[in-house]
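Hi there,

Here is the structure I promised to send over. Have a look at it first, and then read on for my notes.

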Amino acid sequence: MSTSPVLPPALRLADVHKSFGKTAIIRGVDLDLIEGERHALIGPNGAGKSTLFNLISGRLHATAGTIQLRGADITRATPQAINRMGLARSFQVTNLFHRMTVFENLRCGALWSRGVGYTFWRRVDTLREANARADEVLEAIGLTRRRAVVAGELTYAEQRALEIGVTIACGAGVILLDEPTAGMSRSESDAAVALIKKVTIGKTLILVEHDMDVVFGIADRVSVLVYGEVIATGTPDAIHANIRVQEAYLGTDLAKGIDKELTGA
Amino acid sequence: MKPGTSLIAAALALICLLALPYVFTQGFALSLLCQMGIATIFALSYNMLLGQTGLLSFGHAVYFGLGAFCAMHVLRWAGGTGIGGAWAVVLLPLIGGLGGLLAGLILGVVTTRRAGTIFAMISLGVGEMVASIAPMFPALFGGEAGLSANRVFGAPLFGITFGPQRQVYFLIVAWALVAAWGMRALTRTPLGRMANAVRDNPERAQFVGYNPQMVRLLMLALSGFFAGIAGGLSAINYEIVTGETLGANTSALVLLMAFIGGVGQFYGPIIGAVLVTFLQTALSQYTHAWLFYFGLFFLFMVLNAPGGIASLIQLHRDPWRQGLLRWIWPQYALAALPVALTLAGLIGVVELIYRIAGGVEAGETSWKLFGQAIDATRWQPWALALLLLAAGGAWLEKTWSGVAWQWQMVLLATARGNDR
Ligand SMILES: Nc1ncnc2c1ncn2[C@@H]1O[C@H](COP(=O)(O)OP(=O)(O)O)[C@@H](O)[C@H]1O
Ligand SMILES: [Mg+2]
């Protein structure tokens, strides 16, 4: 008799803790991401959202608990190992190869997943797959005309778009975006939402977002992180109805934002 | 540049390289040319670390020196047995390269764990360590006298024995071309590009799947390979290698070459290597204060053109392509005379001070300039030099603001032209 194979969650966090010195920042987070869902992580500033992303992506290591990527334990893995296993992330503070061109940035993002490794005996221009992938992403993020511009010289919105581009260039199945629209104007943010939706088709996405329009526009499910704990997970509508969330945000911009969104005001 | 023009430029450059030893036939000039060729490879290899991977090394002489010692041992062995003859000499730099590669792989495991200041400090420590270990093993490093050998032995190759310096020059040119081509090609490989990425942002490199430490290690090892080739050529050229080759002086010199030439462009270190070698060798023939001038020049470059000479060339490139440089030349011409006067005054003061302070042989305070006897103990030369320096400097300051203003105009026009 064979057990029917159960698809493991794309990402599973089990009782994850993180302390800096004596300060506990993440205090027992349990979270399952279903394969293919778009999940928003919301919560006040300092709640530990970026820290949680750092734990998942290997930038930091959890003090306790386990993190699994499609059933494989990644709690102690290095960022590069986790990336090679199919998880990619963007950063809240733009984190690019600032002296390289837009195209070079994207190609660097695509190289490893095309099996190139540390090759030093082949010209990078002859790697058809990696170059094609970089151009494909270049077009998707709408920077085709800025192809040869050095990343450090882009406008803020362009850098944010490139930040997403470098993240998705490797074609990872699980994508973490940390405040992709922060600091953008309304129209820029709308463009970013369309971009995120387009490039994450068929992928599992978790994003940190303050803008409720963006959250409700993208997310299938929402989790609320407050003081290092997930106090609620559910559909955007269910979250709105959750009283504890209301308490946590009573009087804050975020709560007003949720209200505004759901009442259509 | 069209492929046709660059091909012609390359052909011309090659012809120049081949013609040089027939133009400069004196032994002094020829050995200077050889030194420049070796320094070019060495400085380019250094820039694989500094310019391409963002690693500031204070111990690059280790790979040059260990390569040189490896080559020297093989040269001595081949000379003793007569194996290979001139063929052995042709391939010897490769032995040096392999020595440098191996040293890079071994030492790199320790040094490339971290970047930035920590890498710089560790490279300094490792460099000093290797240099101080050398005297303890006279069998390997020849003690104070170093190791020497004769590069002429066995069968010649098509009549080439590598006895005459000119033949060695051609060997150096050939290896320099191959090595430069190899290093240039390396910048265009996945590893070369990821080295740039690790230089810019090692953390992000991790999140696109690369281990920055591995990238640094491979770049260091390959850089050690090319430094070792330069070392092997130096073993052939001088027929002697001493422990000093491994030391901090050599490491500092290659840093200066790369920095003065410019680490931001591939060709920068070539300019730096040629210029610094020239200054070091030629200037020291004319003045005892050459090291002081050299330091002054370095200071000037660091303060005014931190991107090195290559950055100045890059600055002129776009305006030149758009034909805008004709607005600058007249300004430069106007500034030429004040520059010359200021320099003359400065040199005068420096030389007088050196004479007075006994920098030259004791008691020798007068010397001849343009057939005119100058005595540093009298006041007239001092007055003249100080006057030149002060007046020239003041004049220069005025004309230079004109140059700067004109440059702003040209850069604005260039930017507009680029947008079009
Ligand atoms: N490396 C660190 N060392 C010490 N404290 C940190 C570190 N990273 C984050 N913190 C702290 O953890 C808390 C949560 O930060 P963060 O995860 O960035 O919040 P969020 O992204 O939800 O706004 C903050 O109080 C922050 O100061
Ligand atoms: Mg954050």
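A polar contact here means a pair of N or O atoms within 3.5 Å. With that in mind, an oxygen atom of ligand 1 and a polar backbone atom of Gly48(A), 3.0 Å apart, make such a pair. Please remember as you read that this is a predicted model.

Let me stay with ligand 1 for a moment. Two neighbours of Gly48(A) also come into play: a polar backbone atom of Lys49(A) is 2.8 Å from an oxygen atom of the ligand, and for Ala47(A) the corresponding distance is 3.3 Å. On its own, ligand 1 would expose 560 Å², and the protein buries 57% of that. The shell around the ligand runs from Pro44(A) through Asn45(A), Gly46(A), Ala47(A), Gly48(A), Lys49(A) and Ser50(A) to Thr51(A), with Phe20(A) and Ile25(A) joining in. By character, these residues split into five polar, four nonpolar and one charged. Helix H1 of chain A (residues 49-57) supplies the largest share of the shell, three residues.

Next, the metal. Which residues coordinate the magnesium ion (ligand 2)? They are Ser50(A), through OG, and Gln92(A), through OE1, at 2.0 to 2.1 Å. The two are 42 residues apart and bring together distant parts of the chain: Ser50(A) sits in helix H1, while Gln92(A) belongs to the loop between strand S6 (87-89) and helix H3 (102-111). Ser50(A) has a relative accessibility of 24%, so it counts as partly exposed. Gln92(A) falls in that class as well, because its value is 34%. Ser50(A) also appears in the shell of ligand 1.

One more residue caught my eye. Thr75(A) is in the loop between strand S5 (72-73) and helix H2 (79-84). Is this residue buried or exposed? With a relative accessible area of 5%, Thr75(A) is buried, because the cut-off is under 20%. A polar atom of its side chain lies 3.0 Å from the backbone nitrogen of Ile67(A). Beyond its neighbours within four places in sequence, Thr75(A) is in contact with Ile67(A), Thr66(A), Gly65(A), Ala62(A) and His61(A).

Finally, the chain as a whole. Chain A contains ten helices and ten strands, and 52% of its 265 residues are buried. Taking contacts between residues at least 6 apart in sequence, 65% join residues at least 24 apart. The accessible surface is about 11,900 Å², and carbon and sulfur atoms account for 53% of it.

Best wishes

Technical notes: Residues are numbered from 1 along each chain as its sequence is written. Chains are lettered from A and ligands numbered from 1 in the order in which they are written. This is a predicted model: local features need pLDDT of at least 70, side-chain atom pairs count only at pLDDT 80 or more; totals for chains, interfaces and linings use all residues. Side-chain values use heavy atoms; hydrogens and water are left out. A residue is near a molecule or strand if one of its heavy atoms lies within 4 Å of it. A polar contact is a pair of N or O atoms within 3.5 Å; within protein, one must be able to donate a hydrogen and the other to accept it, and residues adjacent in sequence count only if both atoms are side-chain atoms. Accessible areas come from the Shrake-Rupley method with a 1.4 Å probe; for residues, only the protein chains shown count as cover. Helices (H or I, at least four residues) and strands (E, at least two) are DSSP runs, numbered from the N terminus. Ala, Val, Leu, Ile, Met, Phe, Trp, Tyr, Cys and Pro count as nonpolar, Asp, Glu, Lys and Arg as charged, and the others, Gly among them, as polar. Donors are N, O and S atoms within 2.8 Å of the metal (3.2 Å for Na, K and Ca); water is not among the atoms, so sites may look incomplete. Buried means under 20% relative accessible area, exposed over 50%, partly exposed in between (1.4 Å probe, protein chains only). Contact means heavy atoms within 4.5 Å.
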